[in-house]
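Subject: Structure for your review

Dear colleague,

I am passing on the structure below, together with some notes on what turned up in it. Please read the notes with the coordinates open beside you.

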Amino acid sequence: MVDGSAQHHTAVYKRKLGEVLEACREEAGLSRADAAAALDCSASKIRMIEGGGVAVKTPDLVMLLNAYNITGERRNDIESLAAHARQRRGRTTWGGAVPERLKRFFDKEETAVTIDSYSPWLLQGLAETEAYARAVIRTNSSLSAKDVDRLVQGRLARQERLYTEDAPKIRWVVDESVLRRPIGGVEVMREQLEHLVALCRKGIGELRVIPNSVGAHPGCGFPIVVLTDAEGNRSLYVESLTDGAWIEDPDRVNRYQNTMREIISCALSHEESLQLVDTVLAQL
């Protein structure tokens, strides 16, 4: 059994291995097309390897290192790094409770370098305290008490990445009503808002609040999460009550990106948003 931290470390190794292999290829004066020819594969596979999207099988690694003329201690170091990157994710205490659509979301979130989210009703999962997350998750009457516990564990495991060296750049955009909705009661909400302020003051995330005075705005009614990977590829996730839709078509992603910019343009600045949180806290 491994926890979310161990899962994250595997993704980190993949990304580091990809960066090392890209550097080796460039030092050898080879293009991705050249590397693809060495493996008899597509250039897109090389791009995936170098972006940390896939683990490299041992035979493929051998051929790449041979093509790049990597020998000696440097080769040993790269092979050791590759061994860590190939480690399979172990079982978690919460994995069985997570639907497949969310597992895919967790995978992409785990390797994203930037995360932009707009939430009209609730705080985004990476910003939630345990008590707030539990209050939200247990509203789903189809979940057993054990499943609620497992999903809460999963949410907390995802947050461990926020405190690592390669933590993503996060922007949380919320409606003011999210700050004022007493999820779990007054004490739970007070703890949550204090936690949110602490995350932002530590530079872990940026908060942008759309005040109630704005009224209708381009994002009304639906949550959006935009994930950007190390190569600048964007994917977008929109969730509903029973399902979640992935949007990866470039034209549609661009349309949502424009909507996200319009939403942010309606929001208070980061400092003004934190001042509003302080005001809400004082009123609890």
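To begin at the end of one helix: Asp40, the residue that follows helix 2, has a positive phi, near 60 degrees. Please bear in mind throughout that this is a predicted model.

Helix 2 itself covers residues 32-39, and its buried residues are Ala35, Ala36 and Leu39. Viewed down the helix axis, these buried residues fall within an arc of 100 degrees, so they line one face of helix 2. This fits the general pattern that an α-helix has 3.6 residues a turn, so residues three or four places apart point the same way.

Helix 2 also packs against helix 4, which spans residues 58-67, at an angle of about 130 degrees and with the two axes 9 Å apart. An angle of 65 to 115 degrees would count as roughly perpendicular and one over 145 as roughly antiparallel, and the two helices are therefore oblique to each other. The crossing of helix 2 past helix 4 is right-handed.

On the helix 2 side, the residues in contact are Ala35, Ala38 and Leu39, and they meet Asp60, Met63, Leu64 and Ala67 of helix 4. Sorted by class, this contact comprises six nonpolar residues, one charged residue and no polar ones.

As for the chain as a whole, it has 284 residues, of which 43% count as buried, and it contains twelve helices and six strands. Among contacts with a separation of 6 or more, 75% are between residues 24 or more positions apart.

With best regards

Terms used. Residues are numbered from 1 along each chain as its sequence is written. This is a predicted model: local features need pLDDT of at least 70, side-chain atom pairs count only at pLDDT 80 or more; totals for chains, interfaces and linings use all residues. Side-chain values use heavy atoms; hydrogens and water are left out. Buried means under 20% relative accessible area, exposed over 50%, partly exposed in between (1.4 Å probe, protein chains only). Helices (H or I, at least four residues) and strands (E, at least two) are DSSP runs, numbered from the N terminus. The arc is that of the directions from the helix axis to the C-beta atoms. Axes are lines fitted to C-alpha atoms, for helices over the stretch in contact, and angles run from 0 to 180 degrees between N-to-C directions. Angles under 35 degrees count as roughly parallel, over 145 as roughly antiparallel, 65 to 115 as roughly perpendicular and the rest as oblique. A crossing is left-handed if the near helix is turned anticlockwise from the far one by less than a right angle, and right-handed if clockwise. Contact means heavy atoms within 4.5 Å. Ala, Val, Leu, Ile, Met, Phe, Trp, Tyr, Cys and Pro count as nonpolar, Asp, Glu, Lys and Arg as charged, and the others, Gly among them, as polar.
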